[in-house]
Structure formats: structure tokens, C-alpha cells
Amino acid sequence: MGDTRYIFAECIKQLMNHQSLDKITVTDIVEMSGKTRQTFYRYFRDKYDLVNWYFEVLADKSFLQIGNSETLREGLIKKFQFIYNDRVFFKEAFKSKDYNNVEKGKPSNSKLAAYDLSLIHISEPTRLLSI
């Protein structure tokens, strides 16, 4: 986890376990990370830019995992499990009311459109496919 961007992403994810994204400050993130505000702003415009960047990272990773599946069922299970594992991040990112949140601030060429937001509420990913 040497990449500073990932350190910030892990910190915001931990903070999201205890408070909403809109209440988290850049100060909270940098204090938890042990980095400076200057370092944070070297990589991101604001906390929403961090969230959007990390969302893109997760989207890319998810699509790579699905691509390595042998069957459609296996691919879907991997996708649902992937989203389930980071459910707090996804839920908080989409709950944000800020003008620059994930849903409103996403780039037009983003893979984010491929995500179904209803998947955030999945409690047992594999059960969904056994129906």
C-alpha cells in the first residue's frame, strides 16, 4: 500500500464506517493518514475527487475480475461479492448530497454507469443467483 492515493482511500473508507461522507473533512483524512494537506491536494481537488478516483479503481478491478470468470454465473457472483465487500464505501459515496459526489461528478466516459446502485443493498451476493 505504498501509493499515497491508496493510503488516502483506505483512510476515507475507515472514516465512512463511522460518519457520512458529507461530514468527513480533508483534515480528518490527512490526520488519519499521517500525510499533509499539501500532499492530499497534490493528488486530489477535494474529498469527492478522492472518492471518484477510488470508485474508478474499484470499477476497473471489478471488470478485470469478471473477465477472468469461466461462466456468467461465476462472473456475477464475483461482481456482487466485490461490491458487497466495499458496501460501506459504495453506500456512503452515493448517499452524499454534495454537487461533486460520485453520481453527479462522474466523468461521461466512466465505467461507473455499469454499476447498478441497487446492488449496494445486497446482503448475500451468492443467494441472489440461486433464485
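**An all-helical predicted model, starting from Arg-37**

Arg-37 is partly exposed, with a relative accessible area of 39%; here a residue under 20% relative accessible area is called buried, one over 50% exposed, and one in between partly exposed, using a 1.4 Å probe and protein chains only. The structure is a predicted model, in which local features need pLDDT of at least 70 and side-chain atom pairs count only at pLDDT 80 or more, while totals for chains, interfaces and linings use all residues. Residues are numbered from 1 along each chain as its sequence is written, and side-chain values use heavy atoms, with hydrogens and water left out.

Arg-37 is found in helix 3, which covers residues 37-43. Leaving aside residues up to four places away in sequence, Arg-37 touches Val-26, Thr-27 and Val-30, where a contact means heavy atoms within 4.5 Å. One of these partners, Thr-27, is 10 residues from Arg-37 in sequence, and the two C-alpha atoms are 7.2 Å apart in space.

Turning to the chain as a whole, there are eight helices and zero strands, so the pattern read along the sequence is α-α-α-α-α-α-α-α, with helices (H or I, at least four residues) and strands (E, at least two) taken as DSSP runs and numbered from the N terminus. Of the 131 residues in the protein chain, 43% are buried. Among contacts with a separation of 6 or more, 65% join residues 24 or more positions apart. The accessible surface comes to about 7600 Å², and carbon and sulfur atoms hold 50% of that area; accessible areas come from the Shrake-Rupley method with a 1.4 Å probe, and for residues only the protein chains shown count as cover.

The largest nonpolar core has 28 residues, and those touching the most other members are Ile-12, Ile-29, Phe-40, Leu-50 and Phe-89. Such a core is a set of buried Ala, Val, Leu, Ile, Met, Phe, Trp, Tyr and Cys residues joined through side-chain atoms within 4.5 Å. At least two residues of this core come from each of helix 1 (4-16), helix 2 (26-33), helix 4 (47-67), helix 5 (72-85) and helix 6 (87-95). Helix 4 provides the largest share, eight residues. As for Phe-89, its contacts beyond four places in sequence are Lys-13, Met-16, Val-51, Tyr-54, Phe-55 and Leu-58.

Two of the helices can be looked at in more detail. Helix 1 has 13 residues and reaches 19 Å from its first C-alpha to its last, close to the 18 Å expected at 1.5 Å a residue; the expected span is 1.5 Å times one less than the number of residues. Its buried residues are Thr-4, Ile-7, Phe-8, Ala-9, Cys-11, Ile-12, Lys-13, Leu-15 and Met-16. For helix 5, the end C-alpha atoms are 20 Å apart, which agrees with the 20 Å that its 14 residues should span. Gly-75, Ile-77, Lys-79, Phe-80, Phe-82 and Ile-83 are buried in helix 5.

Side chains of opposite charge can pair when their charged atoms come close. A search of the whole structure finds five salt bridges, each defined by a side-chain nitrogen of Lys or Arg within 4 Å of a carboxyl oxygen of Asp or Glu. One of them joins the side chains of Glu-10 and Lys-13, at 3.4 Å from N to O. Both residues lie in helix 1, three residues apart, about one turn of the helix. Glu-10 is partly exposed, at 25% relative accessible area, whereas Lys-13 is buried, at 16%. The side chain of Lys-13 also meets that of Asp-86 in a salt bridge (3.0 Å, N to O). Because Lys-13 lies in helix 1 and Asp-86 in the loop between helix 5 and helix 6, this pair ties together parts that are 73 residues apart in sequence. Asp-86, like Lys-13, is buried. Glu-10, Lys-13 and Asp-86 are thus linked in a network of salt bridges.

Another salt bridge involves the side chains of Asp-49 and Arg-45, at 3.7 Å from N to O. Here Asp-49 counts as buried at 16% relative accessibility, while Arg-45 is exposed at 60%.

A final pairing concerns Ser-96, which lies in the loop between helix 6 and helix 7 (102-105). Ser-96 is buried, with a relative accessible area of 5%. Its side chain makes a polar contact with the side chain of Asp-22 at 2.6 Å. A polar contact is a pair of N or O atoms within 3.5 Å; within protein, one must be able to donate a hydrogen and the other to accept it, and residues adjacent in sequence count only if both atoms are side-chain atoms.
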